[in-house]
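This report concerns a single protein chain. The sequence and the coordinates are shown first, and the description follows them.

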Amino acid sequence: MELLPISTAHCRVERDGHLVIVTMDRPAAKNALSTDMLVGMAEAWAYISAEPEVRVGILTGAGGTFCAGADLKAMAQPSEDERVRRRAAEIPDFHWKGLLREDLPTKPIISAVEGYAVAGGTELLIGTDLRVVAESAVLGLFEAKRALFPMGGSAIRLPRQIPYAFAMDLLLTGRPVNAPEAYRMGLVNQVVPDGEALTRARALAEDVAASGPLAVQAILRVYRDTIGLGEQEALPISDALGWPVIGSEDAKEGARAFREKRPARYEGR
């Protein structure tokens, strides 16, 4: 595992082949969001998108907790790290980019959740594409209970991801939700034994990385580019992105590998 130089005091970014693991690393504060964390995450998402050999990312938290939401005091204070201060000034809206509200990565992100993933922690989970959650994890959008608003986009995204009544329950009551209930709602993909979220997320990441990267990225983009469109409006967008994938070298390799009964060796072209 290679520690990348874009890591910060509160965000560890590591690469292992096709995989990048982003760890929110402020366990004494239950990984509450800080400037150092959000800058590191913003840079990590940009790195994942830009690096051709990277196929999938994992977002997790250190110390048995995913993220307890925003630390408004820490987010208002300048970082002690000169590089982070400079990058905070250089990256437009780094808060929103780090929170997966804007400029989403072009590759899938899997969340691996242990412990608390509440308020901004749940908003981060909602911004990811696949979600693996430990059985004793606690999720929830607590903002309305505190007369606040979920600024990470969850009031828009959540009713598009799970049934409306479930989404309004979470958004309007601000109550905590356990992992089995989140699974029944369709909010998460897997509920796993405590301590195994990252291991299971890595196994899921390997499955994703074994798929054709052009196909995976096109599927993500079609979904994002056609939200709110009718089928007849959306199909031309799907065709424009899908036909180049069908004609790619990877598609030919996929057919060869199937005929030869061997794993495919995709190169993203």
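The text below treats the overall fold, one helix, two backbone positions, a buried loop residue, and the aromatic and cysteine side chains.

**Overall fold**

The model is predicted. Its chain contains twelve helices and ten strands. Along the principal axes, the C-alpha trace spans about 55 × 45 × 35 Å. A compact globule of 269 residues would have a radius of gyration near 18 Å, and the 19 Å found for the chain therefore agrees with that expectation. Of the 269 residues, 48% count as buried. Among contacts in the chain with a separation of 6 or more, 65% are accounted for by residues 24 or more positions apart.

**Helix α11**

Helix α11 comprises residues 231-246 and bends by about 25 degrees at D239. Which residues of α11 are buried? A234, L241 and V245 are buried in this helix. The cover over the buried residues of α11 includes α10 (213-225) and α12 (249-260).

**Positive phi values outside glycine**

K30 has a phi near 55 degrees, a positive value in a residue other than glycine. A147 likewise is a residue other than glycine with a positive phi, in this case near 60 degrees. K30 belongs to the loop between β3 (19-24) and α1 (35-50), whereas A147 is placed in the loop between β8 (138-140) and α6 (154-161). Are these side chains buried or exposed? K30 is partly exposed because its relative accessible area is 44%. A147 has a relative accessibility of 71% and therefore counts as exposed.

**A buried loop residue**

T128 lies in the loop between α5 (120-127) and β7 (130-134). With a relative accessible area of 3%, T128 is buried, since the cut-off for that class is under 20%. Which residues does T128 contact when its neighbours within four places in sequence are left aside? T128 is then in contact with L100, I109 and S111.

**Aromatic and cysteine side chains**

The structure holds zero aromatic pairs. A charged side chain does, however, lie over an aromatic ring: R101 is over the face of W96, at 4.1 Å from the ring centre.

How many disulfides does a search of the whole structure find? The search finds zero. C11 is in no disulfide, and the nearest cysteine sulfur, that of C67, is 11 Å away. From the side of C67, which is also in no disulfide, the nearest cysteine sulfur is that of C11, again 11 Å away. Because a disulfide requires cysteine sulfur atoms within 2.5 Å, the separation of 11 Å between the sulfurs of C11 and C67 does not qualify. C11 is buried, with a relative accessible area of 0%, and C67 counts as buried at 0% relative accessibility.

**Accessibility of selected residues**

The following table collects the accessibility values for the residues discussed above.

| Residue | Relative accessible area | Class |
|---|---|---|
| C11 | 0% | buried |
| K30 | 44% | partly exposed |
| C67 | 0% | buried |
| T128 | 3% | buried |
| A147 | 71% | exposed |

Taken together, the two loop residues with positive phi are K30, which is partly exposed, and A147, which is exposed. By contrast, T128 is a loop residue that is buried.

Key:
Residues are numbered from 1 along each chain as its sequence is written. This is a predicted model: local features need pLDDT of at least 70, side-chain atom pairs count only at pLDDT 80 or more; totals for chains, interfaces and linings use all residues. Side-chain values use heavy atoms; hydrogens and water are left out. The bend at a residue is the angle between axes fitted to the seven residues ending there and the seven starting there. Helices (H or I, at least four residues) and strands (E, at least two) are DSSP runs, numbered from the N terminus. Buried means under 20% relative accessible area, exposed over 50%, partly exposed in between (1.4 Å probe, protein chains only). Contact means heavy atoms within 4.5 Å. Rings of Phe, Tyr and Trp (its six-membered ring) pair if their centres lie within 6.5 Å; planes under 30 degrees apart count as stacked, over 60 as edge-to-face and the rest as tilted. A charge sits over a ring if NZ of Lys or CZ of Arg is within 6 Å of the ring centre and within 35 degrees of the ring normal. The radius of gyration is taken over C-alpha atoms; the globule rule is 2.2 Å times the number of residues to the power 0.38.
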